[in-house]
Amino acid sequence: MRRFSSVTCPCNDSMPRPTESKRDQTALALYVHIPFCVKKCAYCDFTSYAGKESEIPDYITHVLDEWAAIRRELLKNQASISTLYLGGGTPSLLTENQMTRLVRGLFPEGIDPSMEATVEANPESLTPSKLACYQELGINRVSVGIQSFSDAHLRLLGRLHSARRARECLDMIRRAGWRNFSMDLMYGLPGQSHEDFLRDLDEALGFEPPHLSTYCLTLSGGVPLGQAAARGAIHLPPEAEILKMMASLDKTMASHGYEHYEVSNFARPGHACRHNLAYWTLSPYIGLGAGAVSFFIEEVAPWGSHWENPGSLSGYAKRARNHSWAFHERSPLSHREALIEALLTGLRLKRGLSIRALAERFGEEAIGPVLQKAALLAAEGWCEMDGGSLRITPGGSCLLDTLVLELIPES
Ligand code: SF4
C-alpha cells in the first residue's frame, strides 16, 4: 500500500517536532458525510437535515468537487486510501443511482478490495436492491442503526422503523451474504429497565453481528427528548441501573466471543472497525461534506491540524463549489494539544497506547512525566502499565477526560 508523503517541518529547533519516519507511517481514512434524513430523531443533534432530499444531487456534486480539490492540492494525487466510511445522516436514503454516482466519482477505478468500505444504513430505507448495489460498488461493510427492538422505545426515540422492520432488515443483510456488518444499539433509554436492555441485547446477538456498537443515550437541552427530560415528562434510568446495564453488556458480550476493543464497540475476531481505529490512533483522515472534520499533518502544522467544514448545506455548498477545499476553520495543534488528543483517543482502546510509539511520536522528554503520573494513577487503580502499554482500567473508563488531564503536566 502506498503511503501519502509527509513534508519537512518548519525549522524551529527549540520546539519538539515529529521526525520524518514517525509522520510517514499511515494511509488515509476517508469519511463522507451524508447529512440527509427523512425526519429528525427526537434525540439527534448530529449534522443532518430532514426533508431536503431534493438537494442530494447537488450535494454529491459538491462532495466530488471538494474531493477533487483535496486530491489535487493537498495529496498531490498520491494518497493511498485505506478505509472509506459513508456516514450520516442516512446514507441509505440515497437512491442506487445517487450512490453509484458518488462512489464512482470518488473512486473512478473502483474500490480496492483490500479497503474497508462501510456504508451506514437505517432499516426503513435499506432494500435488497440497495444492498446489491453496494456490493456491486465494492462496499464491503454495512452498519445499521437498529437502536432497540422495542416498539415503545423506538417511537419515543422518534425512529422511523418498527422492531419488526429492524428484524426484517437484519435478516435481509444476512440473506444477502454480508459477512461484515455492524449494528448500533442504545441503552439508558427513558423508562428502560436492566431486564429490557438485556432482552434487546439478547435479540441483537441472535443475528450474530460481527460488530456491535452500543451507546448510552445522552441528551442535549436543544433536542425534543432533552426538553421533555428537563420538564420531567420522561425519566432516564438512574445511574445505578445504567451501570448494571454496562456490566451486563460487558459480561454478555465476552461470553459470546466478542472483544470489547473500544469504549463503545465490540467485535468478533478480525472485525474491529478499521476506519474508526484511524481516529483512535490519531492517524490522518479526510472528511468530506457538510460539518465533516479532517485531521492532517502538513508543513505548517507538523503536529497535525483539524479542519472543519461548515455544517449548513448552503454554507458547505458555497465553499465546495468551484472545486475548492470546503473547510472554514483550520486549527493547528501544538505539541501539547496533539499529545492530549493522542491520549484521549488512544486510551479509548482496550489495548491502550504503546508507550514506545508515544515516545517516538512525542519525544522521551514529553512522555517521561506522563509515565510518572500514570504510575501514581495506576497505584490508585485508574490505569495500568504492562507489556509496554498504558491502559485505562474499566473503573477509569468513565473518567477518561479527567484522567488524561491528570496525566499531562501543566504547560
Ligand atoms: S437517523 Fe441518525 S442522523 Fe438521522 S435524525 Fe436519526 S439519529 Fe440523527
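**Notebook: a predicted chain of 411 residues**

I began at Gln147, which I find buried because 25 other C-beta atoms lie within 10 Å of its own. The model I am reading is a predicted one, and I keep that in mind for every angle noted here. Gln147 belongs to strand β6, residues 141–147, and has a positive phi of about 70 degrees although it is not a glycine. I noted this angle because most residues other than glycine have a negative phi.

Leu282 was my next entry, again a residue other than glycine with a positive phi, here near 50 degrees. I place Leu282 in the loop between α9 (274–280) and β11 (285–288), and I count it as buried because 22 other C-beta atoms lie within 10 Å, where 20 or more are required. Gly257, just after α8, also takes a positive phi, of about 85 degrees.

For helix α8 itself, residues 239–255, I compared length with expectation: at 1.5 Å a residue its 17 residues should span 24 Å, and the end C-alpha atoms are 24 Å apart, so the two agree.

**Ligand surroundings**

Which residues surround the ligand? I listed Cys37, Lys40, Cys41, Cys44, Phe46, Ser48, Gly88, Gly89, Thr90 and Asn122. Sorted by class, this shell has four nonpolar, five polar and one charged residues. Two of the listed residues, Gly88 and Gly89, are joined by a cis peptide bond with omega near 15 degrees, and Gly89 lies in the loop between β4 and α2 (96–106).

**Two loop residues**

I looked up Ala42 in the loop between β2 (36–37) and β3 (49–50). Ala42 has 18 C-beta neighbours inside 10 Å and therefore counts as partly exposed. Its C-alpha atom is separated by 6.2 Å from that of Val223, although the two residues are 181 apart along the chain. Beyond residues up to four places away in sequence, Ala42 touches Leu157, Gly158, Val223, Pro224 and Leu225.

Is Asn77 buried or exposed? I count Asn77 as exposed because it has 9 C-beta neighbours inside 10 Å, the cut-off for exposed being 12 or fewer. Asn77 lies in the loop between α1 (56–74) and β4 (81–88), and, with residues up to four places away in sequence left out, it touches Arg71 and Arg72. From Asn77 to Ser54, 23 residues apart along the chain, the C-alpha atoms are separated by 32 Å.

**Cores and whole chain**

The largest nonpolar core holds 68 residues, and I find Tyr31 and Val144 to be those with the most contacts inside it. Outside its neighbours within four places in sequence, Val144 is in contact with Ala121, Pro123, Leu126, Cys169, Ile173, Phe181 and Met183. A second, separate core of 22 residues includes Trp303, Phe362, Trp382 and Ile392.

For the chain as a whole, I recorded 14 helices and 17 strands, with buried residues making up 38% of the 411 residues. Among contacts with a separation of 6 or more, 69% are accounted for by residues 24 or more positions apart. Along the principal axes, the C-alpha atoms fill a box of roughly 60 × 55 × 40 Å. My last check was the radius of gyration: a compact globule of 411 residues would have a value near 22 Å, and the chain has 22 Å, so the value agrees.

Definitions and conventions. Residues are numbered from 1 along each chain as its sequence is written. This is a predicted model: local features need pLDDT of at least 70, side-chain atom pairs count only at pLDDT 80 or more; totals for chains, interfaces and linings use all residues. Helices (H or I, at least four residues) and strands (E, at least two) are DSSP runs, numbered from the N terminus. The expected span of a helix is 1.5 Å times one less than its number of residues. A nonpolar core is a set of buried Ala, Val, Leu, Ile, Met, Phe, Trp, Tyr and Cys residues joined through C-beta atoms within 7 Å. Two residues are in contact if their C-beta atoms, placed from the backbone, lie within 7 Å. A residue is near a molecule or strand if its C-beta atom, placed from the backbone, lies within 6 Å of it. Ala, Val, Leu, Ile, Met, Phe, Trp, Tyr, Cys and Pro count as nonpolar, Asp, Glu, Lys and Arg as charged, and the others, Gly among them, as polar. The radius of gyration is taken over C-alpha atoms; the globule rule is 2.2 Å times the number of residues to the power 0.38.
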